Structure formats: C-alpha cells, structure tokens
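Colleague: Got a minute to look at charged pairs with me? Put the model up and let's go through them.

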Amino acid sequence: MIELEGVPELIDPVMVAAFEGWNDAGDAASSAVAHLDREWKGEVFAALDAEDYYDFQVNRPTVWLDNGVRKITWPTTRLSVVRVGGDKPRDLVLVRGIEPSMRWRSFCNELLGFAHELGVELVVVLGALLGDTPHTRPVPVSGVTSDADLAQRMDLEETKYEGPTGIVGILQEACTHAGVPAVSLWAAVPHYVSQPPNPKATLALLNRLEDLIDIRIPLGELPEDARAWQVGVDQLAAEDSEVAEYVQTLEEARDTAELPEATGEAIAREFERYLRRRDGTGPAGPGPASGGHATADGTDSASYLRDNPTPRPKPQPPKPPQLPSTDDEDSPEE
C-alpha cells in the first residue's frame, strides 16, 4: 500500500519521467528531468526499493563521506514534486531513476500506484535515441502515444513501432492498459557524437514539453550550454575531413526530407512558438486576431510568413554515409 504523508493536494498534476540507460542517449532525457527538479527545487517524497528492481553488479551503489561518516547511495528511482507558478499553477511529479534490471511489470505498477494516489492526469515519459541526424540542425523531437484519441487531441503520432523496447515503451503501454493518458517524447541524438552530456537535445525535449503541457520552463544556462556544445562539435568535425563530409551528407538528407514542410504555415508556427517562449504570453497570449504576433509594420506574422515563405535552395541528392555506424548503443523505438 502506498502512503503519501506530507504530500499536499496537487493541482492538475502531470507525471514527467526519465530513466538512465538504453532509453537515454547522451543523457538527454534524464538531464531534462534533473533540470526541472533543480530549477523548481523539487522535494523527494518517495523512492522505490532498490532491492526489488536493480542488479547491483550492473548498477553498483556508491560510497561517499558525510563529515567523515561513510554512507551508501543505492541505485533507485525517486519521485519528487514541484509546483509551477503563474496564472494557472499546476504541479509536476518528477520521476527520475535508472532503467530497472528486473520485475518491469511490478516497477510500472508501483509508479502507476503513485500516479493514481496523486491524481495524475497525464504521464509524459522522456527518451532519447541515437539517429542519423546532423548536430547542426534543430534536434528532432517526436511525440508518440498508443491512444488514438489522445494522438488526435494533442497532435501526436500514434505509435506503430514493433521490436525491442525499453522501460519507456513498457511504462507507456502500462499506462494505456490502466486507462492513464500517456505520451512519450523522443529526441534524436547524432550517433557520431553520442557521449553525454548533450544539452542541445535536453533543451529540445524541454521546449517540446512546454508546448505539450502548456507551461513555461526556466531554462537557466541551458541555451548557452547548447550553443557551446554545438561550437565544440563544429570544431571537432572541422578537424576531420571524413566526419565533415559525413555531416554534410546528413544535412543534405535532412534538408531534402524537410523541404515539403518548409511552407509559410510551418515557418509561422515555429515563429509563434519562439515568441511565446520569449514573451511568456502562452498559447493564448495577446496578438492579432489570427493568433500571430505583429511585425514592425503591424503585419500579422502568421499571414506575412504564409504569403512570403522563405525560399530554400534545392539540395543535391544525399551521398552514401562515409562513417561506419556505431553499435555501442542500440536505438529504442520512436
């Protein structure tokens, strides 16, 4: 039985979860939840029993000194709660841990028990996978769900994935069977620079989470960290002609795939999203009747970009990849 002493009654709670391991390329997903916990000073109210779910020869405990006293930190999954202020306050239940080694069904049932007791209205699970995406372009983030109605209502993809899965996929299916709305957000991390951290992918996940649940997330130094990360990768790529050529190949392929979507409407949507984050007006903020922001001459931005789409040169056909694919980490489902 789950007892939640000391946890106040929550307002429109959303559970946001991420797990280190197979579903966390570049530590992007777990870093996103850690950022939320740090920025809003989350208070841990529960931790799952490590003995039930972890193989300590795979995820070893750590020993540390506290004023000369030796203490042990066990690998586990912890839950904390944060309150997001503003005109419409709401609470986030943050779940951060390591992908369990065993008893995945019991693990998910225990998390769902907390969700039920806390009145969670939506579960959002963050993940990151290795992909053929260039580091020079915006990080692709896909939102998927197993619920057809939820997919239509929140403009998400209905997952069609078949194959090996991780705890993110298992938890999402457990939520679906329990009647709890659940969404997975996946960031694609360049496989040629997969080592953590990847602040650019973390930032992309947080931006998509903002849009999904209609909150404003304080980003702190994360945008600057993301820019510094890209500059560093640019410099490394420039020093290796083979890597530079491969990155160019990925850029051409990405641009070719996105060319049909580079319409005025698509650009306008991105522009609106950017302005919402900067001015804090939210999805229904002030602006012209069409929902856009005014340009310097008073023109509605959505109308202007729709009628004056940015021209993009037609890229050449992509070349075959020049680098062998990495196999240190498999890509989980999209």
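Colleague: Which side chain does Arg137 meet in a salt bridge?
Modeller: That's Glu251, at 3.8 Å, N to O. A salt bridge here is a side-chain nitrogen of Lys or Arg within 4 Å of a carboxyl oxygen of Asp or Glu.

Colleague: Where do the two sit in the chain?
Modeller: They link distant parts, 114 residues apart: Arg137 is in the loop between strand E7 (122-131) and strand E8 (141-145), and Glu251 is in helix H8 (residues 241-258). Helices (H or I, at least four residues) and strands (E, at least two) are DSSP runs, numbered from the N terminus.

Colleague: Which residues are in one network there?
Modeller: Arg137, Glu251 and Asp255, joined by salt bridges that share partners.

Colleague: Is this a prediction, and what goes into the values?
Modeller: It's a predicted model, where local features need pLDDT of at least 70 and side-chain atom pairs count only at pLDDT 80 or more, while totals for chains, interfaces and linings use all residues. Residues are numbered from 1 along each chain as its sequence is written, and side-chain values use heavy atoms, leaving out hydrogens and water.

Colleague: How many salt bridges turn up in the whole structure?
Modeller: The search finds 5. Among them, Arg83 meets Asp91 at 2.7 Å, N to O.

Colleague: Is Asp91 buried or exposed?
Modeller: Buried, at 2% relative accessible area, whereas Arg83 is partly exposed at 41%. Buried means under 20%, exposed over 50%, partly exposed in between (1.4 Å probe, protein chains only).

Colleague: And what does Lys71 meet?
Modeller: Asp66, in a salt bridge of 2.9 Å, N to O. Lys71 is partly exposed at 34%, and Asp66 is partly exposed at 26%.
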